[in-house]
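Here's a quick look at a few local spots, written up for someone who likes to poke at the coordinates. Have the structure open as you read.

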Amino acid sequence: MRFKKLDLNLLVALDTLLTEQSITKGAEKLNMSPSALSNSLSRLRDYFEDDLLTQIGRRMVITPLGESLKVSVRNALNNIESTILVQPSFEPQTTDRIFSIFCSDYTQTVLVPHALEIVGKQKSTARFQLLAQVANNPHEQLEQGKADLLIIPSDFMSTEHPCDILYEEEFVCVVWKHSKIASGELTAEKYAAAGHVLMRPEATKKDFFGTLFAQKYGIKRHVIATTFSFASLPALVIGSENIATIHARLATKMAKVWPLKILPLPFDIPPMKQCVQWHQYRNNDEGLIWLRNTLKEAAINMDVE
């Protein structure tokens, strides 16, 4: 099919090439031969009168025109999928859909089990891929078609796509229950003097709490260790005088199985608003509406366990 002399079948090839930046990986993703995809790239280059991707050393680099087309092409395909290719109705008990959800291990520990419990009680045949949260520009996972939903704090939400607040979360400190710091009140001075273990996203290398404490309270934390995982933080304070600042629900879960003591923060920190976000073109996707409602119900059930 052609539109203004462009073979629309080439849009899928273009989207894949701009995402993978590799003919070999793109061909594998599209289940076609590298030579066939290379031929598609040649036709795209002729149409746009631009290389789109150029070989530099062993890798392919997107040209400025290719970069400018990247989001537009992905949005066009998302629009086609949501308005033309989407199934007219969704039945949880007979669906074969696999939903991709980008979320942190914290979310997978405190929220997702309740969602899966609801799905099981409904006897739904839906399946789920829980994928590592991307800290930098997570909305790109929606726009590139890699994620059906994001479950992330409101501070990381994109204004370009709709979202719902699932719940609010407080923060607390956890320490080894046999440590000296576990005795008595945790003051701001004791907090500042302690060693800290923290989760630092690989993509950003930022210490979000550290920045907040430094700006608001003039406190610079002495960081003993960093990790990529929220759920591992409580374990990293055991046997030491160190502190971890973590989500209250996660702390409560971990304190049931590990020798931990939960202490209130000696500062006022606004609660985190945990949200779910989806692509603007998928507002009417019945499967995503069902999944979002399931997550909302799961959020309510978290505090009933």
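Setting aside residues up to four places away in sequence, S158 touches H139 and Q277. Bear in mind that this is a predicted model. S158 sits in the loop between β7 (149-153) and β8 (163-169). Is S158 buried or exposed? With a relative accessible area of 10%, S158 counts as buried because that value is under the 20% cut-off.

Over in helix α1 (residues 9-20) you'll find T19. T19 is buried as well, at a relative accessible area of 18%. Once its neighbours within four places in sequence are left out, T19 is in contact with K29, K70 and K146. There's also a link across the sequence: T19 and R74 are 55 residues apart along the chain, and their C-alpha atoms are separated by 9.5 Å.

Each of these side chains reaches a backbone atom, as the table lists.

| Side chain | Backbone atom reached | Distance |
|---|---|---|
| S158 | nitrogen of E160 | 3.0 Å |
| T19 | oxygen of D15 | 2.9 Å |

Now for some strands. β3 (residues 53-56) pairs with β4 in the antiparallel sense, over 4 bridges. One of the pairings puts I56 opposite its bridge partner in β4, R59. The two strands make a hairpin with 2 residues between them, and G57 in the turn has a positive phi of about 65°. Which residues of β4 (residues 59-62) lie on its covered face? Those are M60 and I62, while R59 and V61 are on the uncovered face. R59, then, is both the bridge partner of I56 and part of the uncovered face of β4.

Note on methods:
Residues are numbered from 1 along each chain as its sequence is written. This is a predicted model: local features need pLDDT of at least 70, side-chain atom pairs count only at pLDDT 80 or more; totals for chains, interfaces and linings use all residues. Side-chain values use heavy atoms; hydrogens and water are left out. Buried means under 20% relative accessible area, exposed over 50%, partly exposed in between (1.4 Å probe, protein chains only). Two strands pair if DSSP finds at least two bridges between them. A polar contact is a pair of N or O atoms within 3.5 Å; within protein, one must be able to donate a hydrogen and the other to accept it, and residues adjacent in sequence count only if both atoms are side-chain atoms. Contact means heavy atoms within 4.5 Å.
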